[in-house]
Amino acid sequence: MKTEGFELVVPAKVDKLQDVMAFLEEHLGEAGPKVLMKLSIAVEEIFVNIASYAYEPETGKATMRLEFEENPRTVVITFIDEGVPFNPLARPDPDVTLSAEERGIGGLGIFMTKNSVDKMEYEYRDGKNILTLRKEL
Amino acid sequence: MLNIIKEHNGEELIIKLAGRLDTSSALKLDKEVKSSLEGVKSLVFDFSDVIYISSAGLRIMLYCHKVMKTQGAMVIRNTSEDVKEIFKVTGFADIFHIE
């Protein structure tokens, strides 16, 4: 059962990243530094992805919702945008065993996000990309 | 916020970073680094005060690693456990020379 929720709506632009991170830190004060760092990585990668690709070349808005569940205490982070449909989970993971020469950098942000949270779900509904991240606190 | 201090000693360049190496600060570092690598044989990143790195930061590290492979060597020093774990998870711990 969700107990409390907070919402932030910002223009989907990379220069709004500071606002997004501040919003996360404001409400995740209870998380330890390690958990907060992982959540920060996940939130940065997803927001930057939306800001870079969702509305290109135009602009739009990005919604970030923070909700909490009990037993066990878990944060549920939802990102919503109305840009082009994009399922980040459909992308194959990068091969992290490749050498520097062979190594591209595509897909790394999504891969880092997956590694930073317990669960990641994607849904396209009513013209919206809805990405949900869950992590136990 | 990311502080960047560059120290040239002949063909060695030491770049000391302090703060968060995220998408915002990566742009600044990208400019600083790309204008400084010419003639450098030894590039040292001092990560003692880096508290955070995202994929944007890793991208710059990979760029530097590739450039330095053709003209010398690159080493990353004094990495915190948390940052080290990110290098490990992303496979970069096996690519970069981390001291």
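In this predicted model, chain A contains three helices and five strands. Followed along the sequence, these elements of chain A are arranged as β-α-α-β-β-α-β-β. The overall dimensions fit this picture nicely: for 137 residues, a compact globule would be expected to have a radius of gyration near 14 Å, and the 15 Å computed for chain A therefore agrees with that expectation. Along the principal axes, the C-alpha trace of chain A extends over about 45 × 35 × 25 Å. Of the 137 residues in chain A, 28% are buried. Among contacts in chain A with a separation of 6 or more, 66% join residues that are 24 or more positions apart.

A helix pair in chain A is worth a look. Helix α1 (residues 17-27) of chain A and helix α2 (residues 33-54) of chain A have axes that come within 10 Å and cross at roughly 145°, and the crossing of α1(A) and α2(A) is right-handed. On the α1(A) side, the contact is formed by L17(A), V20(A), M21(A) and L24(A), while α2(A) supplies L39(A), S40(A), V43(A), E44(A), F47(A) and V48(A). By residue class, this contact of α1(A) with α2(A) comprises eight nonpolar residues, one polar and one charged.

Strand β2 (residues 61-69) of chain A includes M64(A), a handy point from which to view the interior. M64(A) counts as buried because 22 C-beta neighbours lie inside 10 Å, where the cut-off for a buried residue is 20 or more. Leaving aside residues up to four places away in sequence, M64(A) touches L8(A), V20(A), F23(A), I77(A) and F79(A). One of these partners, V20(A), also takes part in the contact between α1(A) and α2(A). A contrasting pair is M64(A) and T97(A): these residues are 33 residues apart along the chain, and their C-alpha atoms are separated by 33 Å.

Attention now turns to the partner chain. At the interface, 20 residues of chain A are in contact with 17 residues of chain B. On the side of chain B that touches chain A, the elements giving two or more residues are α1 (23-34), α2 (55-71) and α3 (81-89) of chain B. Of the elements on this side, α2(B) gives the most, with seven residues. The residues on the side of chain B that touches chain A divide into five nonpolar, seven polar and five charged. For the helix contact within chain A, by comparison, the division is eight nonpolar, one polar and one charged.

Terms used. Residues are numbered from 1 along each chain as its sequence is written. Chains are lettered from A and ligands numbered from 1 in the order in which they are written. This is a predicted model: local features need pLDDT of at least 70, side-chain atom pairs count only at pLDDT 80 or more; totals for chains, interfaces and linings use all residues. Helices (H or I, at least four residues) and strands (E, at least two) are DSSP runs, numbered from the N terminus. The radius of gyration is taken over C-alpha atoms; the globule rule is 2.2 Å times the number of residues to the power 0.38. A residue is buried if 20 or more other C-beta atoms lie within 10 Å of its own, exposed if 12 or fewer, and partly exposed in between; C-beta atoms are placed from the backbone. Two residues are in contact if their C-beta atoms, placed from the backbone, lie within 7 Å. Axes are lines fitted to C-alpha atoms, for helices over the stretch in contact, and angles run from 0 to 180 degrees between N-to-C directions. A crossing is left-handed if the near helix is turned anticlockwise from the far one by less than a right angle, and right-handed if clockwise. Ala, Val, Leu, Ile, Met, Phe, Trp, Tyr, Cys and Pro count as nonpolar, Asp, Glu, Lys and Arg as charged, and the others, Gly among them, as polar.
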